[in-house]
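Biologist: I have a model open on my screen and would like to learn how to read it. Could you walk me through it?

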Amino acid sequence: MAVLSRLIQAPAAVRIGPGVAAELPGILADQRISASGRLAVAISEGSGTQLREQLAGDLPADVGWFTVSRASLDAAVDLADRVRADKAPYDTLVAIGGGKVIDAAKYAAARLGMPLVAVATNLAHDGVCSPVATLENDAGTGSYGVPNPIGVVIDLDLIRQAPPRFVRSGIGEALSNLCALADWELSHRETGEPIDGLAAAMARTAAEAILHHPGTIDDAGFLGVLANGLVLSGQAMAVAGTSRPSSGACHEISHAIDQLFPKQAAQHGEQCGVGAVFATHLRGEHALAAEMAAVLTRHELPVTPGDLGLDIDQFADAVTYAPHTRPGRFTILEHLDLSRSRIDDAVKGYVATYAR
Ligand SMILES: [Zn+2]
């Protein structure tokens, strides 16, 4: 019999909304998620203490608490070692926090062969429901393929307590899908790379919902759309089996900034937003680029290199270096393969268009 559908790795439970952290006991009692009910909970070293006090009542009394210092390969391995060494055998890892804790815990859970439940406390990027862990390593930062979380909980009341910058950043991340998808289409035309229309539909829906939503992070409706969009965006990567639907020239530029100018590095989503508008401008889609820039501006996000604290030369350095951050990925940057002087001109033209 022909196989007419496919199986997709997706979380068994996803809850997004105000107050949904209160549903954690029910979600964690689901035997598909934790058969024995023995839970190891990862939190950050700093803000984790307050979260622990706040959420302890929503968790069984006998959970084991583990702190995570950073989103590095070493910290993730160390977390896995500590969870394994504890005398109580755990069967599920729960990560409560921002991207750092969730990324380290995703990798640790993969190493331990345990399912991970991700409880996000900010909306800075689309990693809460994705099969990728972004971790510092000896070479800078790497993206590691890991299983998708088995449970995803985004309590919008917790999100409202996050610093606004860690929420706005997710807007740039979601919008950058439009750049990633244009790069994917381009690669399909130029190199024959297959497109996965289902993954693309999910990533596009997430981006367009943000592009057209009139609200701000201060209103509950907008926060819900952003949280849903980032989950869809992450899940699109699981559907595609690659970060393609959510990562194109925008992300290459952001990774290049991280590697070349680590001291100036801004939030991932802030950089991806700027990278996405620049790449869209470079592609000649000026109306879309202007629309994206207007959305970033309305949400007080960076649009120009200067907004990111980079001068024109530094941004041109990042654009020049960007293709090296993701060998094998074909985007508008690899397609145009611009000389340094043409990159300089393109960056100057971009800045002239969007300087405020
Ligand atoms: Zn991203």
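Modeller: Happy to; we will go from the whole fold to a few chosen residues. This is a predicted model, in which local features need pLDDT of at least 70 and side-chain atom pairs count only at pLDDT 80 or more, while totals for chains, interfaces and linings use all residues. Residues are numbered from 1 along each chain as its sequence is written, and side-chain values use heavy atoms, with hydrogens and water left out.

Biologist: How many helices and strands does the protein have?

Modeller: Helices (H or I, at least four residues) and strands (E, at least two) are DSSP runs, numbered from the N terminus. Here there are 15 helices and eight strands. The radius of gyration is taken over C-alpha atoms, and the globule rule is 2.2 Å times the number of residues to the power 0.38. The protein comes out at 20 Å, close to the 21 Å that the rule gives for 356 residues, so it is as compact as a globular protein of that length.

Biologist: What share of the residues counts as buried?

Modeller: Buried means under 20% relative accessible area, exposed over 50%, and partly exposed in between, using a 1.4 Å probe and protein chains only. Of the 356 residues, 56% count as buried.

Biologist: Which strand does E6 join?

Modeller: Two strands pair if DSSP finds at least two bridges between them. Strand E6 (residues 132-137) runs antiparallel to strand E7 (residues 140-145), and six bridges join them. A hairpin of two residues leads from E6 to E7, and Asn137 stands opposite Gly140 in E7.

Biologist: Which residues does the "binding site" annotation cover?

Modeller: UniProt positions are given in the numbering used here, with shortened feature names, and annotations may be inferred rather than shown by experiment. The unreviewed UniProt entry lists Gly99, Lys100, Val101, Ile102, Asp103 and Ser130 as "binding site". They span 32 residues in sequence, yet no two of their C-alpha atoms are more than 14.1 Å apart, so they gather at one spot.

Biologist: Val101 or Ser130, where does each lie, and what do they touch?

Modeller: Contact means heavy atoms within 4.5 Å. Val101 lies in helix H4 (residues 99-112) and is buried, at 2% relative accessible area. Not counting residues up to four places away in sequence, Val101 touches Ala42, Ile43, Ser44, Ala95 and Ile96. Ser130 sits in the loop between strand E5 (116-120) and E6, and is buried with a relative accessible area of 2%. With that same sequence exclusion, the residues touched by Ser130 include Lys106, Pro147 and Met237.

Biologist: How many aromatic pairs are there?

Modeller: Rings of Phe, Tyr and Trp (its six-membered ring) pair if their centres lie within 6.5 Å; planes under 30 degrees apart count as stacked, over 60 as edge-to-face and the rest as tilted. By this rule the count is five. In one of them, the rings of Tyr107 and Tyr144 have centres 5.5 Å apart and planes at 75°, so the pair is edge-to-face. Tyr107 lies in helix H4 and Tyr144 in strand E7, so the pair ties together parts that are 37 residues apart in sequence.

Biologist: What about the rings of Phe278 and Tyr350?

Modeller: Their centres are 5.4 Å apart and their planes at 85°, so Phe278 and Tyr350 are edge-to-face. Phe278 is in helix H11 (residues 268-282) and Tyr350 in helix H15 (residues 340-354), so this pair ties together parts 72 residues apart in sequence. Phe278 is buried at 1% relative accessibility, and Tyr350 is buried at 0%. Phe278, Phe315, Tyr350 and Tyr354 form one aromatic cluster.
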